[in-house]
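Q: I'd like to learn how to read a fold from its atoms. Could you walk me through it, one feature at a time?

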Amino acid sequence: MAETATGGLAVDTASLSPLHWAAFGLAAITGVLHLWLGVQFLTSPMGISFLLAGIGFFAGAALVAVDYRRRLIYAIGVPFTAIQIVAWYLVNAPDFSPLGYLDKAVQIAFVVVLVVLYRREG
């Protein structure tokens, strides 16, 4: 884990590859979409689940950025994201929105990147 001279956490950019940056971008896109949806549906249980998912994407990205057990974070991120893809399908079928398709395309790409990162760092 990367630390500053005073013992605080620091982003370990030296160990981040272009694939890591792609993962950060994908996590940010789906994270922002989930936070936005969470605010839109704040008064319902679905809104809370959207907020938690959005927070989860940003928390995972932060842990990877500070080099905290990256391989474990990738391994957790794959089912975390895959479950959301399946849940989206089950909750929304057959009425899918363009925003939903965009988010799921981002999430599928994110899962692929996480799998590649997991294998590379193994």
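A: Sure. Let's begin with a definition: a salt bridge is a side-chain nitrogen of Lys or Arg within 4 Å of a carboxyl oxygen of Asp or Glu. Keep in mind that this is a predicted model.

Q: Okay, how many salt bridges does a search of the whole structure find?

A: The general idea comes first: side chains of opposite charge can pair when their charged atoms come close. Here, searching the whole structure turns up two salt bridges. One joins R70 to D67, with the closest N and O atoms 3.3 Å apart. The other is between K104 and D103, at 2.9 Å from N to O.

Q: Are the partners R70 and D67 buried or exposed?

A: For that you need the cut-offs: under 20% relative accessible area is buried, over 50% is exposed, and anything in between is partly exposed. R70 has 6% relative accessibility, so it counts as buried. D67 comes out at 26%, which means partly exposed.

Q: And K104 and D103, buried or exposed?

A: K104 is buried, at 6% relative accessibility. D103 is buried as well, at 5%.

Q: Let's move on to the nonpolar side chains. Which residues have the most contacts inside the largest nonpolar core?

A: In soluble globular proteins, nonpolar side chains tend to be buried together. In this model the largest nonpolar core has 17 residues, and F24, F110, V113 and L117 have the most contacts inside it. The elements giving two or more residues to this core are α1 (18-40), α2 (45-65), α3 (70-92) and α4 (98-120).

Q: What does L117 touch?

A: Leaving out residues up to four places away in sequence, L117 touches S17, L19, H20, A23 and Y74.

Q: How do I read a single helix, say α2? Which of its residues are buried?

A: An α-helix has 3.6 residues a turn, so residues three or four places apart point the same way. In α2, the buried residues are G47, F50, L51, A53, G54, F57, G60, A61, V64 and A65. The buried residues of α2 pack against α1, α3 and α4.

Q: What span should α2 have, going by its residues?

A: At 1.5 Å a residue, its 21 residues should span 30 Å, and the end C-alpha atoms are indeed 30 Å apart, so the two values agree.

Q: Which residues make the nonpolar surface patch?

A: L42, I48, L52 and I55 make a patch of about 390 Å². I55 sits in helix α2.

Q: Now the backbone. Which residue follows α2, and what is its phi?

A: Most residues other than glycine have a negative phi, and most peptide bonds are trans. Right after α2 comes D67, whose phi is positive, near 60 degrees. D67 isn't a glycine, and its place is in the loop between α2 and α3. You met D67 earlier, as the salt-bridge partner of R70.

Q: What about R69: what is its phi, and is R69 buried or exposed?

A: R69 has a positive phi too, about 45 degrees, though it is not a glycine. R69 is also in the loop between α2 and α3. At 52% relative accessibility, R69 counts as exposed.

Q: Last one: where is P94 found, and what is the peptide bond from A93 to P94 like?

A: P94 is in the loop between α3 and α4. The bond from A93 to P94 is cis, with omega near 0 degrees.

Note on methods. Residues are numbered from 1 along each chain as its sequence is written. This is a predicted model: local features need pLDDT of at least 70, side-chain atom pairs count only at pLDDT 80 or more; totals for chains, interfaces and linings use all residues. Side-chain values use heavy atoms; hydrogens and water are left out. Buried means under 20% relative accessible area, exposed over 50%, partly exposed in between (1.4 Å probe, protein chains only). A nonpolar core is a set of buried Ala, Val, Leu, Ile, Met, Phe, Trp, Tyr and Cys residues joined through side-chain atoms within 4.5 Å. Helices (H or I, at least four residues) and strands (E, at least two) are DSSP runs, numbered from the N terminus. Contact means heavy atoms within 4.5 Å. Patches are made of residues with over 30% relative accessible area and no salt bridge: like charges are joined within 9 Å, nonpolar side chains (Val, Leu, Ile, Met, Phe, Trp, Tyr) within 5 Å. Accessible areas come from the Shrake-Rupley method with a 1.4 Å probe; for residues, only the protein chains shown count as cover. The expected span of a helix is 1.5 Å times one less than its number of residues.
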